[in-house]
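User: Hey, can you walk me through this structure? I'm new to this, so keep it simple.

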Amino acid sequence: MTIATHSGATTLVLDACDPATCAQAATDDSTIFVCTNPPYTDWAAQWPPLFDAAIAVASATGTRIVVMGDLYPYESPTGAMSKPSPETTTEAKGLIRRAGWAKISTAHDAGTSAPSRCALATTSLGIRLSATQNEIQ
């Protein structure tokens, strides 16, 4: 897990599925970058608690969250991709990532995850939802 503050970023080795441990490392001046990637064989077991922990920490501490994504939820698009591109996957890894993104978006929309601070970002597509550059910096 990487915790970024106005004074810099620190990479920490901790259980990213444990909200209490993560909350100790985070402050209201932090941004949590969730850019881990469990082994593919462990996605079904490890991604859901990672997303849940990030949401819990943001809600409890006021930190910002940036979740780095991938293309799995989109399966095989037939044209250019953009923010409203449909997430049409039926493949297991894509369904897991899509569900996690939905959790983050739902928490943001409901205001349960540090209102207006929760972002879902995919580096591979350059998509950033519900965040401005100033919120992330």
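**Helix 2 and its surroundings**

Analyst: Sure, and keep in mind that this is a predicted model. Let's start at Gly62, which comes just after helix 2 and takes a positive phi of about 80°.

User: OK, and helix 2 itself? How far apart are its end C-alpha atoms?

Analyst: They are 26 Å apart. Helix 2 covers residues 43-61, and at 1.5 Å a residue its 19 residues should span 27 Å, so the two values agree.

User: Which residues of helix 2 are buried?

Analyst: Among them are Trp43, Trp47, Leu50, Phe51 and Thr61. Several alanines are on the list too, including Ala53, Ala54 and Ala58.

User: And what do those buried residues pack against?

Analyst: Two helices and two strands: helix 1 (19-25), helix 3, strand 3 (31-34) and strand 4 (64-68).

User: What about the largest nonpolar core, how many residues does it have?

Analyst: It has 20 residues. Val34, Trp47, Phe51, Ile65, Val67 and Ile104 have the most contacts inside it. Strand 3, strand 4, helix 2 and helix 3 each supply at least two residues of this core, and helix 2 gives the most, with 8 residues.

User: Trp47 came up twice. What does it touch?

Analyst: Leaving out residues up to four places away in sequence, Trp47 touches Val34, Thr36, Asn37, Pro38, Asp42, Ile96 and Arg97.

User: Switching to Thr61. Why does it count as buried?

Analyst: Thr61 has a relative accessible area of 18%, and buried means under 20%, so Thr61 makes the cut.

User: Which polar partners does the Thr61 side chain have?

Analyst: One is the backbone oxygen of Val57, which lies 2.7 Å from a polar atom of the Thr61 side chain. Another is the side chain of Thr63, joined to that of Thr61 by a polar contact of 3.3 Å.

User: New topic: where does Lys93 lie?

Analyst: Lys93 is in helix 3, which runs over residues 92-110. Its relative accessible area is 22%, so Lys93 is called partly exposed.

User: Which residues is Lys93 in contact with?

Analyst: If you set aside neighbours within four places in sequence, Lys93 is in contact with Tyr40, Trp43 and Tyr72. The Lys93 side chain also makes a polar contact of 3.0 Å with the side chain of Glu91.

User: And Glu75, how far is that from Lys93 in space?

Analyst: The C-alpha atoms of Lys93 and Glu75 are 10.0 Å apart, while in sequence the two residues are 18 residues apart.

Key. Residues numbered from 1 in each chain as written. Predicted model: local features only at pLDDT ≥ 70, side-chain atom pairs only at ≥ 80, totals over all residues. Heavy atoms only, no water. Helix = DSSP H or I, 4+ residues; strand = E, 2+ residues; numbered from the N terminus. Buried < 20%, exposed > 50% of the residue type's maximum accessible area, 1.4 Å probe, protein only. Contact = heavy atoms within 4.5 Å. Polar contact = N/O pair within 3.5 Å; in protein donor to acceptor, adjacent residues only side chain to side chain. Expected span 1.5 Å × (residues − 1). Core = buried A, V, L, I, M, F, W, Y, C linked by side-chain atoms within 4.5 Å.
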